[in-house]
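Biologist: I would like a close look at one part of this protein. Please start there and then work outwards.

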Amino acid sequence: MGESGESSVAVRRIHGLDRGSNYSPSSGSTAWIGKGLSCVCAQGRESVARIPFELTPSQEECLQKLQRRLDVVYDSTKVEHQEALRALWYVAFPEVELRGLITEQWKEMGWQGKDPSTDFRGGGFISLENLLFFARTFPKSFHDLLQKRVGDRSLWEYPFAVAGVNITFMLIQMLDLRAAKPRTMMGALFLKILAEDERTFDLLYCITFKLMDHQWLTMNASYMDFNAVMKATRRQLEREFLLEDIQRLEDMPSFRLLLR
């Protein structure tokens, strides 16, 4: 990385695509999910080249499996979803008894109100799965972010859980995961890695959450700066994804921020 904190980029060639092509990283804006705001990561993709990529059978199967996960909405009447939410509480606060699925306690994790189900509209059930994966795979980083242990923090910090839902939604849009096949280099590179490791989306979520917090601290950000921090996080992810030597997510420079 240079002095500005930005990585120099050696752009990959995929199916004959190189720096001479019309590709440019997507630069959509982000919007905070919060009271009075109804959208997240509103995209402005007119400047992004739409490049057709053909999928291998394995890549197509992995994409469809992930898309089925994206289609699952959080349903507070389903026992599976209730248990996942309880599990999240106890990985976050193992020594604190949860008084119910609707309780003021949830605000301690950074949900907007006493009923977390109202915050899952932006990310669906997969956003809860992402948080659980983060907590179980990188517990040190998860608790550092949850409890804001690292760095000189703002008096007006981002709410942890709601930020997590924002990150899920941002990644879905950045990678264009609802499309039948990738239309950008980012999407194509992601599916190549996904076909080799089905945890790829969840792992990228962890990297992104930790990177977002790193950007937050670097920018000395406060609550009202969240959109700017998300934009900076997205730009850095795009730069790292396009580095020539990235063959798996563990090769990304930001992966080294994560602690188990």
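Are Tyr158 and Phe226 buried or exposed? Take that pair as the part to look at, and then tell me what the rest of the chain adds.

Modeller: Tyr158 is buried, and Phe226 is buried as well. Keep in mind that this is a predicted model. The structure holds 14 aromatic pairs. One of them is edge-to-face: Phe134 with Phe142, at 5.7 Å centre to centre and 85° between the planes. Phe134 has a relative accessible area of 0%, so Phe134 counts as buried. Phe142 is buried too, with a relative accessible area of 0%. Your pair has another geometry to report. The ring centres of Tyr158 and Phe226 are 6.5 Å apart and the planes meet at 50°, so this pair is tilted. Now place the two residues on the chain. Tyr158 sits in the loop between helix 4 (139-146) and helix 5 (160-174), while Phe226 belongs to helix 8 (residues 226-241), so the pair ties together parts that are 68 residues apart in sequence.

Tyr158 has a charged neighbour as well. Lys148 lies over the face of the Tyr158 ring, 4.3 Å from the ring centre.

Back to the other rings. Phe134 and Phe142 belong to a cluster linked by ring pairs, together with Phe160, Tyr205 and Phe209.

Stay with the loop after helix 4 for a moment and turn to charges. Arg149 and Asp144 meet through their side chains in a salt bridge, at 3.2 Å from N to O. The two partners can be compared by their cover. Arg149 has a relative accessible area of 46%, so Arg149 is partly exposed. Asp144 has 4% relative accessibility, so Asp144 counts as buried.

Helix 8, where Phe226 sits, has a salt bridge of its own. Glu238 and Arg234 meet through their side chains at 3.4 Å, N to O. These two residues are four apart in helix 8, so about one helical turn separates them. Glu238 is buried, and Arg234 is buried too. Elsewhere, salt bridges with shared partners join Arg69, Glu129 and Asp202 into one network.

Across the whole structure, a search finds 17 salt bridges. One of these joins Glu54 and Lys181, with the closest N and O atoms 3.1 Å apart. This pair links distant parts of the chain: Glu54 is in the segment before helix 1, Lys181 is in the loop between helix 5 and helix 6, and their positions lie 127 residues apart. Glu54 has a relative accessible area of 59%, so Glu54 is exposed. Lys181 has 33% relative accessibility, so Lys181 counts as partly exposed.

Helix 6 follows that loop. Helix 6 (residues 185-194) is mostly covered, with nine of its 10 residues buried. Among the buried ones are Met185, Met186, Leu189, Phe190 and Leu194. The cover over the buried residues of helix 6 includes helix 1 (57-70), helix 5, helix 7 (200-218) and helix 8. Helix 8 therefore appears twice in this account: it holds Phe226 of the tilted pair, and it is part of the cover of helix 6.

Next, the cysteines. The structure holds zero disulfides. Cys62 has a relative accessible area of 19%, so Cys62 is buried, given that the cut-off is under 20%. Cys206 has 0% relative accessibility, so Cys206 counts as buried.

Here is the overall frame. The protein chain has eight helices and zero strands. Along the sequence, the pattern reads α-α-α-α-α-α-α-α. Of the 260 residues in the protein chain, 54% are buried. Among contacts with a separation of 6 or more, 71% are between residues 24 or more positions apart.

Finally, confidence. The protein chain has a mean pLDDT of 83, and 80% of its residues reach 70 or more. Residues 1-49 need care. Over that stretch pLDDT stays under 50, and the model has 116 contacts beyond four places in sequence for it. Where pLDDT is low, the predicted coordinates should not be read in detail.

Methods. Residues numbered from 1 in each chain as written. Heavy atoms only, no water. Phe/Tyr/Trp six-rings, centres within 6.5 Å; stacked < 30°, edge-to-face > 60°. Buried < 20%, exposed > 50% of the residue type's maximum accessible area, 1.4 Å probe, protein only. Lys NZ or Arg CZ within 6 Å of the ring centre and 35° of its normal. Disulfide = S-S within 2.5 Å. Contact = heavy atoms within 4.5 Å. pLDDT = per-residue confidence, 0-100. Salt bridge = Lys/Arg side-chain N within 4 Å of Asp/Glu carboxyl O.
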